[in-house]
Each structure stands twice: as structure tokens, then as C-alpha cells.
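Reader: Hello! I am new to this structure, and I would love a close look at a single part of it. Could you walk me through the aromatic rings and the helix that goes with them?

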Amino acid sequence: MSAGSDTTAIVSLGMSCQSARQIRTSIEVLSEVLAQAFQPERHFFDGLVAPVAGLAQLFEDGFPLFDRVAIVDGPGHPTWNPYEIRFLHHFRPEPEAAADIDGWFENELSRFTHLRAKFERLRQRERLIFVISNSQNNLDLVARDTGIEKLDFDADELKRLQVAVDGFFGRACEYLVVSHPERHGGTELPELRILQADDSEWTGDKRQWRELFRDYLAKGRVAPFAV
């Protein structure tokens, strides 16, 4: 899950599930540093594997919702074309079950219609901070299973995503980019943070993430890196 207070939302944009997991487990830190009462909030991209370029295109296209034709069976997991967003935990009765797109399409369409409307209402918050990470250790396995060709961050793609999301909301938002030591791609951006390697499968190191949030939020509002 992501998290929010009355005035601030800290929301995962993928590209891995670790972003949402660590936002949720750091709610006490977020509340303490900003002196606001944060609560867990479920948002559209919390459980999705969303490549940066595809996500940028989605927002450039106005963030349309998928139809049945757009959801294809794989590779590996249901995939939303043309954005190449992977649903590892959806279109099935439970997260570890085999996918059944036809059987669960209406259920997921209803779910994501609600979540898209909720995401759009984020514009009502005074401060929006989006978290983008490729730090999840098992992303290499996910990439092999689902045909993702690129996990490394690219500065131009991240800037494109920021411009697209800012355009969707009609204002400048904030972006905290968190990377794996072997996946930052040499990218140099003001708010790119590279975590030390940990031994978790996908959840990440709570201590490092909490320190990261403390450091970021203590500085006050951060200017966008794409100008």
C-alpha cells in the first residue's frame, strides 16, 4: 500500500512492489517527520510491475483504463498492452493461483476503475510524492518470467515519466527514485537513491528505507528534476 494524510500523499508508481511495501511499513516515520497522521492507502500501481517507459506512455495517453483486448496472456503473467504493465497478483482468485483473465476480467475492471478514480482524486492533496523503485531483488526473475527486457533506470525515461505525470495532475509533483546497486544504469538525478544490497527476496531492507524517507522528507519540498 501507499500512504496519505489530509494534505500529503506518498504513492508508489512501481516499477516494483517494494515501493508500496516500504511506504506502508514506514508510516510511523512518515507521520513523525512530517507531523501528520498518515494512514495506509491502496492505489492503482501498488502491486504492479510497471516499466518506466510504459508508465510514461500511459500518462501521456491520459491514463486510459484497459479493456479486454488490451490485457494479453503473458508472457508469464497478464500484461497490459501497449504499456507492458504486468499483473503478477491479479486476474486470479488468489495471488498464487493461475491467471484466468476471462474469468476475472470484470472483477479486475471494477477494482481498477475504482483505483483510477481514487488516483485522480490525489490532485486534491497539497503535496504529492511519487516513489519509483527497481530495488526489488527478485526483479531479475520476474523479468525472465515476463519478458521484461530492461530493468536499469534511464535518466531520459525518468524525466519523461515526471513530465507526463505532472501533465496529468496539472502541476509539479515530487519523485523519489530508489535503485538497486546493479540497476541504476549510471543515472545521475538529484533524488536518485541507491540502496545497499540486502538478502530479502522482494520486500527490501526496512532500516534503509526508513532512513531514506527520513532524509528525503526532512529537506522539505523537493524541486522536480525534469525542468
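Author: Happy to! Let us begin with what counts as a pair: two rings of Phe, Tyr or Trp (taking its six-membered ring) are paired if their centres lie within 6.5 Å, and planes over 60 degrees apart make the pair edge-to-face. This is a predicted model, and by that rule the count comes to 29 aromatic pairs.

Take Phe59 and Phe168, one of these pairs: their ring centres are 5.5 Å apart and their planes meet at 75 degrees, which puts them in the edge-to-face group. Phe59 belongs to helix α3 (residues 52-60) and Phe168 to helix α6 (residues 155-169), so this pair ties together parts that lie 109 residues apart in sequence. Both partners are hidden from the surface by the cut-off of under 20% relative accessible area: Phe59 is buried at 4%, and Phe168 is buried at 13%.

Another edge-to-face pair joins Phe66 and Phe112, with 5.9 Å from centre to centre and 65 degrees between the planes. Here Phe66 sits in the loop between α3 and β4 (71-73), while Phe112 is part of helix α4 (residues 101-120), so the pair links parts that are 46 residues apart in sequence. Phe66 is buried, with a relative accessibility of 4%, and Phe112 is buried as well, at 1%.

Rings also meet charges in this model. Phe168 has the charged end of Arg123 over its ring, 5.4 Å from the centre. In a similar arrangement, the charged end of Arg116 sits over the ring of Phe63, 4.9 Å from the ring centre.

Now for the helix that carries Phe168. Helix α6 has 15 residues and spans 21 Å from its first C-alpha to its last, close to the 21 Å expected at 1.5 Å a residue. At its start, a side-chain oxygen of Asp154 comes within 3.0 Å of the backbone nitrogen of Asp156. Just after α6 comes Gly170, with a positive phi near 75 degrees.

Which residues of α6 are buried? They are Leu158, Leu161, Gln162, Ala164, Val165, Asp166, Phe168 and Phe169. An α-helix has 3.6 residues a turn, so residues three or four places apart point the same way. The buried residues of α6 pack against strands β2 (8-15), β7 (127-133) and β8 (174-179), and against helices α3 and α4. Phe168 therefore brings the picture together: its pairing with Phe59 ties α6 to α3.

Definitions and conventions
Residues are numbered from 1 along each chain as its sequence is written. This is a predicted model: local features need pLDDT of at least 70, side-chain atom pairs count only at pLDDT 80 or more; totals for chains, interfaces and linings use all residues. Side-chain values use heavy atoms; hydrogens and water are left out. Rings of Phe, Tyr and Trp (its six-membered ring) pair if their centres lie within 6.5 Å; planes under 30 degrees apart count as stacked, over 60 as edge-to-face and the rest as tilted. Helices (H or I, at least four residues) and strands (E, at least two) are DSSP runs, numbered from the N terminus. Buried means under 20% relative accessible area, exposed over 50%, partly exposed in between (1.4 Å probe, protein chains only). A charge sits over a ring if NZ of Lys or CZ of Arg is within 6 Å of the ring centre and within 35 degrees of the ring normal. The expected span of a helix is 1.5 Å times one less than its number of residues. Contact means heavy atoms within 4.5 Å. A polar contact is a pair of N or O atoms within 3.5 Å; within protein, one must be able to donate a hydrogen and the other to accept it, and residues adjacent in sequence count only if both atoms are side-chain atoms.
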